[in-house]
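Trainee: Got a minute? I have a model open and would like to talk through the fold.
Mentor: Sure, put it up and we'll start with the overall picture.

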Amino acid sequence: MRNNYKPKEIIVAGTKFDIVYKTMKDFGELDFDERKIYVSNKIKGEVLLDTIIHEAVHVMLSFSGLGYILEDVQTELEEALVRAFDNIAIPIIKEQIKSYYEV
Ligand SMILES: [Zn+2]
């Protein structure tokens with residue numbers, strides 16, 4: 001486990017997003033227009049990793065334009081889709097990457 005994990009920025013689709021750590025109620029929040037991801041300064045380790053991935057999936061939906069469509073259909077639809085990634089797709093990817101590098 002990497003305890004020193006605390007990235008200051010992330011590149012998504014070739015665009016840099018600053019990661020700003022601050023006191024906040026939620027784990028993470030995306031300001032797409034300002035290219036900033038706000039993350040709670042109370043979280044660390046794998047929760048922090050999962051939060052940054054979660055916000056990166058929101059960035060993906062914004063860049064693709066899917067976020068606008070999802071918002072028009074139902075306001076919580078984007079969050080539901082991102083949570084499907086969080087709870088189903090991302091654990092598979094993390095597990096397979098771990099297995100790949102352990103072989
Ligand atoms: Zn979210």
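Trainee: So what would the radius of gyration be for a compact globule with 103 residues, and what does the chain have?
Mentor: A compact globule of 103 residues would come out near 13 Å, and the chain has 14 Å, so the two agree. Keep in mind that this is a predicted model.

Trainee: Noted. What does the C-alpha trace span along its principal axes?
Mentor: About 45 × 30 × 25 Å.

Trainee: And how much of the chain counts as buried?
Mentor: 16% of the 103 residues. On contacts, take those with a separation of 6 or more: residues 24 or more positions apart account for 37% of them.

Trainee: OK, secondary structure. How many helices and strands are there?
Mentor: Three helices and four strands. Reading from the N terminus, the elements go β-β-β-β-α-α-α.

Trainee: In what order do the strands sit in the sheet?
Mentor: The order is 1-2-4-3, in an open sheet with mixed pairing. Strand 1 (9-12) and strand 3 (28-31) are at the edges with a single partner strand each, so each has one side without a neighbour in the sheet. From one strand to the next, the twist averages 25°.

Trainee: Mixed, right. Which sense does the pairing of strand 2 and strand 4 have, parallel or antiparallel?
Mentor: Parallel, over five bridges. In that region Ile-19 stands opposite Ile-37 of strand 4.

Trainee: And how do strand 3 and strand 4 run?
Mentor: Those two are antiparallel, joined by four bridges, with strand 4 covering residues 36-40. Gly-28 has Val-39 as its bridge partner in strand 4, and Glu-29 sits opposite Tyr-38.

Trainee: What links strand 3 and strand 4?
Mentor: They make a hairpin with four residues between them. Arg-35 is in the turn, and its phi is positive, about 55°.

Trainee: Back to strand 4. Which residues are on its covered face?
Mentor: Ile-37 and Val-39. The uncovered face has Lys-36, Tyr-38 and Ser-40. As a rule, side chains in a regular strand alternate between the two faces of the sheet.

Trainee: What lies across the strands, then?
Mentor: Helix 1 does: it lies across strand 1, strand 2 (15-22), strand 3 and strand 4, at about 30° to strand 3.

Trainee: Switching to the helices. At what angle do helix 1 and helix 2 cross?
Mentor: Roughly 95°, and the axes come within 5 Å. Helix 1 is residues 45-64 and helix 2 is residues 66-73. Angles of 65 to 115 degrees count as roughly perpendicular, and that is why this pair gets the label.

Trainee: Which residues meet there?
Mentor: From helix 1, Leu-61, Ser-62 and Ser-64; from helix 2, Leu-66, Gly-67 and Leu-70. By class that contact has three nonpolar, three polar and no charged residues.

Trainee: What's in the loop between helix 1 and helix 2?
Mentor: Gly-65 is found there.

Trainee: Is Gly-65 buried or exposed, and why?
Mentor: Exposed, because Gly-65 has 9 C-beta neighbours inside 10 Å, and the cut-off for exposed is 12 or fewer.

Trainee: Last one. How far apart are Gly-65 and Ile-37?
Mentor: 28 residues in sequence, and 18 Å in space from C-alpha to C-alpha.

Note on methods. Residues are numbered from 1 along each chain as its sequence is written. This is a predicted model: local features need pLDDT of at least 70, side-chain atom pairs count only at pLDDT 80 or more; totals for chains, interfaces and linings use all residues. Axes are lines fitted to C-alpha atoms, for helices over the stretch in contact, and angles run from 0 to 180 degrees between N-to-C directions. Angles under 35 degrees count as roughly parallel, over 145 as roughly antiparallel, 65 to 115 as roughly perpendicular and the rest as oblique. Two residues are in contact if their C-beta atoms, placed from the backbone, lie within 7 Å. Ala, Val, Leu, Ile, Met, Phe, Trp, Tyr, Cys and Pro count as nonpolar, Asp, Glu, Lys and Arg as charged, and the others, Gly among them, as polar. Two strands pair if DSSP finds at least two bridges between them. A residue is buried if 20 or more other C-beta atoms lie within 10 Å of its own, exposed if 12 or fewer, and partly exposed in between; C-beta atoms are placed from the backbone. The radius of gyration is taken over C-alpha atoms; the globule rule is 2.2 Å times the number of residues to the power 0.38.
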